Amino acid sequence: MLDREKGGRAISEQRKRKGMTQKQLAGFLHVSYQAVSRWEQGLSLPSVDMIYDIARTLDTTVDFLLNGLAEERKVISYMDTGLDTKKLHMLKQRLDSLVTKDKMLLHAKYTDPIFFKPDIAGMEEPVYLLANHVSGSKEHFAMENGYDGEICTDLVSNASNNLIRFGVRPAILQANIICGNNDSGQILIMGEAFKKACERSGIVFAGMEVAAQPVNYHACEYKTQAAVIGVSDRRKIITGDKIVEGDIVIGLYTEGISAVSYPFIKVMLDRKPEIAYANIDGDSIFMDEMMKPNDCYVNVMNELCRQELIHGVFRIDRSLFNRRCYHTMPKGLGAGLSISSLSLPPLYRYLYDLGMMDRECFLENFSLGISMLLVIPKGEWGRVIKIIEKYHKCYRMGTIQRDDEHPDAKVWMEGTVKW
């Protein structure tokens with residue numbers, strides 16, 4: 001009588017030796033990965049014909065599969081966990097070649113700490129900023145649908161914008177990924193996306209560390225993270241204390257959608273899966289529009305800060321009217337924002353036209369294509385707009401006003417959006 005448990009262990013061990021996932025083996029055999037899982041758990045046995053196919057696919061013998069392991073091995077190796085350490089080592093060496101060559105970066109190699117010496121010449125009181133960021137709830141969708149490069153670019157933008165909103169230029173960024181025993185191609189695409197995004201904004205890329213954990217993650221699963229460090233003279237950090245009545249508020253446009261807003265889109269997709277491939281604005285599909293990375297504002301902010309043209313910055317993570325975004329607004333002042341001047345991006349227009357959210361709910365949970373507001377001196381509008389338009393689309397959103405009746409309002413709406 002065949003021993004299902006021993007046979008299952010034999011299939012499992014040989015599959016791991018070949019560096020295959022259950023899903024990959026199932027694909028070769030044209031069966032479900034649940035069937036492979038049941039075999040390996042000893043809950044069932046494949047048919048006789050299927051055993052021959054399994055043996056051929058796994059480069060073993062039918063006798064080995066039918067009789068199971070002749071003897072339980074006393075030694076457990078990484079191969080038993082599904083991790084090919086040789087392959088992983090070669091991958092990390094290739095990722096090391098992506099590290100930026102810069103005199104500030106003294107040493108950056110996987111498994112080692114990063115050694116760097118930032119340029120603090122001319123700074124009276126250097127202050128160092130560190131921010132850790134994850135990709136948020138868009139990551140799972142990216143992972144399932146092949147937007148691996150886009151989610152890494154988005155992560156660089158969000159991490160960098162978190163520093164630049166204080167007037168601090170991001171100096172160096174390191175990425176980290178936890179994954180299954182992924183194929184090298186996917187990981188290299190992600191590493192290259194991180195490097196290119198950093199290069200566009202003049203950020204030193206200190207590499208990407210890979211923690212392969214096939215015992216916890218399936219082959220195509222991953223979690224990404226980025227740590228970014230910047231340095232600034234303390235007196236130049238933007239705190240909002242320079243904001244005064246009459247200052248102009250400018251909205252910086254972004255093609256990307258905030259990860260904080262994504263859960264609402266996920267509910268829409270669950271209710272109407274067909275919208276994933278809906279045509280948006282004639283040229284692109286819904287998924288492509290939704291997964292566009294957020295814009296990175298490092299270059300434009302560097303230029304504006306050098307010329308001391310910024311009084312304050314508000315980062316919009318979901319709604320333009322979320323008071324939490326305006327915590328640096330001086331007491332007694334607020335931003336009167338007019339959204340009538342906005343040209344609503346096609347993705348937001350499509351989402352609204354689905355009729356799954358009313359107007360108030362929509363405005364509470366979507367930023368309408370604006371992810372950062374700049375507060376500038378009233379008399380500098382002409383200079384500022386020329387600088388911004390070299391890099392990004394922008395809108396004049398309103399002014400800073402004194403509101404004695406509601407001194408803690410922080411932000412309110414003036415006008416209405418053109419739906």
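# Exercises on a predicted model: sheet, pocket and buried sites

An open sheet of four strands runs in the order β3-β6-β4-β5, with mixed pairing. Two strands pair if DSSP finds at least two bridges between them. Helices (H or I, at least four residues) and strands (E, at least two) are DSSP runs, numbered from the N terminus. The model is predicted: local features need pLDDT of at least 70, side-chain atom pairs count only at pLDDT 80 or more, and totals for chains, interfaces and linings use all residues. Residues are numbered from 1 along each chain as its sequence is written, and side-chain values use heavy atoms, with hydrogens and water left out.

## Exercise 1. The open sheet

Find the edge strands of the sheet, then work through its pairings.

Solution.

Step 1. The edges are β3 (126–134) and β5 (204–212), and each pairs on one side only.

Step 2. Start at the β3 edge. Nine bridges join β3 to β6 in the antiparallel sense. Ala131 faces Val228 of β6 as its opposite residue.

Step 3. Move on to β4. Strands β4 and β6 are antiparallel too, paired over nine bridges. Ile177 has Thr224 in β6 as its bridge partner.

Step 4. Finish at the β5 edge. Here β4 and β5 pair in the parallel sense, over seven bridges. The bridge partner of Ile172 in β5 is Val204.

Step 5. Add the helix. Helix α9 (residues 148–164) packs on the sheet and touches β3, β4 and β6. Contact means heavy atoms within 4.5 Å. The direction of α9 makes about 30° with that of β6. Axes are lines fitted to C-alpha atoms, for helices over the stretch in contact, and angles run from 0 to 180 degrees between N-to-C directions.

## Exercise 2. The partners of β13

Which strands pair with β13?

Solution.

Step 1. Take β7 (residues 248–253). This strand pairs with β13 (residues 394–402) in the antiparallel sense over five bridges. Leu252 has Cys394 as its bridge partner in β13.

Step 2. Take β11 (residues 333–338). Five bridges join β11 to β13, and the two run antiparallel. Gly334 stands opposite Gln401 in β13.

## Exercise 3. Ala175 and Thr21

Is Ala175 buried or exposed? Place Ala175 and Thr21 in the chain, and list their contacts.

Solution.

Step 1. Ala175 sits in strand β4.

Step 2. Ala175 counts as buried because its relative accessibility is 0%. Buried means under 20% relative accessible area, exposed over 50%, and partly exposed in between (1.4 Å probe, protein chains only).

Step 3. Leave aside neighbours within four places in sequence. Ala175 is then in contact with Phe194, Phe205, Gly207, Met208, Glu209, Gln225 and Ala226. Phe194 is 19 residues from Ala175 along the chain, and their C-alpha atoms are separated by 7.5 Å.

Step 4. Turn to Thr21, in the loop between α1 (4–17) and α2 (22–29). Thr21 is buried, at 18% relative accessible area. Not counting residues up to four places away in sequence, Thr21 touches Arg15 and Ala219.

## Exercise 4. Pocket and cavities

Describe the largest pocket and the largest cavity by volume and lining.

Solution.

Step 1. Fix the terms. On a 1 Å grid over the protein atoms alone, a cavity is a set of points where a 1.4 Å probe fits but cannot get out. A pocket is an open set with protein on both sides within 12 Å along at least five of seven lines. Lining residues have an atom within 4 Å of a point. Grid points are joined across faces, edges and corners, and a volume is the space filled by probe spheres set on the points.

Step 2. The largest pocket holds about 990 Å³ of space. Its lining has 33 residues, and the closest to its centre are Met123, Gly167, Val231, Ser232 and Lys236. Elements giving two or more residues to this lining are β4 (170–179), β6 (222–233) and α13 (298–306).

Step 3. Sort the pocket lining by class: 13 nonpolar, eight polar and 12 charged residues. Ala, Val, Leu, Ile, Met, Phe, Trp, Tyr, Cys and Pro count as nonpolar, Asp, Glu, Lys and Arg as charged, and the others, Gly among them, as polar.

Step 4. Count the cavities of 30 Å³ or more: there are three. The largest cavity has a volume of about 70 Å³. Its lining includes Arg165, Phe166, His327 and Thr328. By class, this lining has five nonpolar, five polar and two charged residues.
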